[in-house]
Amino acid sequence: MTPPTPLIAGNWKMNGTGQALGEARAIAEAATAAGVRLALCPPATLVERMSRETAGSKLEIGGQDCHSEAAGAFTGDVSAEMLVEAGARLVILGHSERRAGHGESDATVAAKVSAALRVGLEPIICVGETRAEREEGRALAVVTRQIRGSLPAELSGKAFTVAYEPVWAIGTGLTPTLEDITEVHHAIRATLKDMFGAEGAAPAILYGGSVKPGNAAEILALPEVGGALVGGASLKAADFLAIVAGAPKA
Ligand code: PGA
C-alpha cells in the first residue's frame, strides 16, 4: 500500500474574525507548490467565507467539531451537514479541548465520526494522553483505548486521519521526544491494522502539540509521522508556511 499523502492542518480554535482571512488567502496561494495536503480549520463562523475566498486553490477547509445529529434542538451546535454546505471537506473530532472541556467520551467522538462519514467529511480524529497518564506509564494504553473507542467500524475503507496530540504538549511549548512520538505512532498504526486489517496502513497519522517552525522539520522527518495538526502557529501564514516548508514532499 502506498504511504498516505502527508497532511498539514491548522486548527484556529476560537481565534479569527473576517480580518484574519488574508492569512488563509496567503496559505491558499502557497498550497499548489506545497507538495503536501494543506488544510485550515477555522471557527464555524468563518468556514463558509474561507471556503469561498480560497475556492479554486488546493487549500482544504475543515470544521473543528460537529454534532452527531443532522439537525434538532441542540443549541450552539453545528451539524456535519451544515459544515459540508459551508464548504468544509474535513472535520477535527475528539480534540482534547472538546474531550476535557465539553465532556466528550470515546463513544461521543465515535458518533460524531459516523455523522461526518454520513456526509462525506474526512474526519481528523484526535487522541492523546495527559501529563499524569504519561508519568504513570499509561500513555500507550490510553491512546490505544481512545483509538478503539473513538473509531467506528464503518471507517473501514473510508478516508480518515488520526492525530496524536499529547494533552500536555498542546499550547505549552513542550513536545515529546522523537522516540516517544515514534513509539506512540507505532502503537496507533498497530491498532489501526488490528481494527481494519491491511486498510489500517492507509490513514495518515499526524502529530500535534506545540508544532512550530523550529521543531517541525525533525518531527515531520520521522517515517511514522504523516503530517501535523498545528494550533497557535497556524494563525499566521508565515509561521504555517515555514512549518510546511520543513515537511518531506509526498
Ligand atoms: P498547539 O495546538 O499547536 O497550539 O499546541 C495544537 C492543537 O491543539 O491542535
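This report describes a predicted model of one protein chain, first as a whole and then residue by residue.

## The whole chain

Start with the building blocks. The chain has ten helices and eight strands. Its radius of gyration is 17 Å, and the globule rule gives 18 Å for 250 residues, so the chain is as compact as a globular protein of that length. Along the principal axes, the C-alpha atoms fill a box of roughly 45 × 45 × 35 Å.

Now look at inside and outside. Of the 250 residues, 50% are buried. The chain exposes about 10,600 Å². Carbon and sulfur atoms supply 54% of that area.

Next come contacts along the sequence. Take the contacts with a separation of 6 or more. Residues 24 or more positions apart account for 72% of them.

Charge is the last overall point. The chain carries 22 positive and 28 negative charges. The mean positions of these two sets are 3 Å apart.

## Two charged residues under cover

Glu129 sits in the loop between β5 (122–127) and α6 (131–135). Is Glu129 buried or exposed? Its relative accessibility is 0%, so Glu129 counts as buried, the cut-off being under 20%. Which side chain does Glu129 join in a polar contact? The partner is Arg134, at 2.7 Å. Beyond its neighbours within four places in sequence, Glu129 is in contact with several residues, among them Ala139, Val142, Val143, Tyr164 and Trp168.

Arg99 belongs to helix α4, residues 96–101. Its relative accessibility is 14%, and Arg99 therefore counts as buried. The side chain of Arg99 makes a polar contact of 3.0 Å with the side chain of Ser150. Leaving out residues up to four places away in sequence, Arg99 also touches Gly94, Glu104, Asp106, Cys126 and Gln146, among others. Val109 is another residue that Arg99 touches. The two are ten residues apart along the chain, and their C-alpha atoms are separated by 8.5 Å.

## A histidine in a helix

His185 lies in helix α8, which spans residues 178–196. With a relative accessible area of 1%, His185 is buried. What does the side chain of His185 reach at 3.5 Å? It is the backbone oxygen of Leu206. Leu206 is also one of the residues that His185 touches, not counting those up to four places away in sequence. The others are Tyr164, Ile205, Tyr207, Glu224 and Val225. Tyr164 links back to an earlier residue: Glu129 is in contact with it too.

## Two residues with positive phi

Most residues other than glycine have a negative phi. Two residues here go the other way. Lys13 is not a glycine, yet its phi is positive, at about 50°. Lys13 is placed in the loop between β1 (7–11) and α1 (21–31). Ser210 is not a glycine either, and its phi is about 55°. Ser210 is found in the loop between β7 (205–208) and α9 (213–220). Ser210 is buried, with a relative accessible area of 8%.

## Two more loop residues

Ala86 lies in the loop between α3 (80–85) and β4 (90–93). Its relative accessible area is 17%, so Ala86 is buried. Which residues does Ala86 touch, not counting those up to four places away in sequence? They are Val47, Glu48 and Ser51.

Gly137 is in the loop between α6 and α7 (139–150). Why does Gly137 count as exposed? Its relative accessibility is 64%, and the cut-off for exposed is over 50%.

The table sets out C-alpha distances for three pairs of residues.

| Pair | Separation in sequence | C-alpha distance |
|---|---|---|
| Arg99 and Val109 | ten residues | 8.5 Å |
| Ala86 and Ile61 | 25 residues | 9.5 Å |
| Gly137 and Leu59 | 78 residues | 39 Å |

Read the rows beside the structure. Ala86 and Ile61 are 25 residues apart in sequence and 9.5 Å apart in space. Gly137 and Leu59 are 78 residues apart along the chain, with 39 Å between their C-alpha atoms.

Definitions and conventions:
Residues are numbered from 1 along each chain as its sequence is written. This is a predicted model: local features need pLDDT of at least 70, side-chain atom pairs count only at pLDDT 80 or more; totals for chains, interfaces and linings use all residues. Side-chain values use heavy atoms; hydrogens and water are left out. Helices (H or I, at least four residues) and strands (E, at least two) are DSSP runs, numbered from the N terminus. The radius of gyration is taken over C-alpha atoms; the globule rule is 2.2 Å times the number of residues to the power 0.38. Buried means under 20% relative accessible area, exposed over 50%, partly exposed in between (1.4 Å probe, protein chains only). Contact means heavy atoms within 4.5 Å. Accessible areas come from the Shrake-Rupley method with a 1.4 Å probe; for residues, only the protein chains shown count as cover. Lys and Arg count as positive and Asp and Glu as negative; His and the chain ends are not counted. The place of a charge is taken as NZ of Lys, CZ of Arg, CG of Asp or CD of Glu. A polar contact is a pair of N or O atoms within 3.5 Å; within protein, one must be able to donate a hydrogen and the other to accept it, and residues adjacent in sequence count only if both atoms are side-chain atoms.
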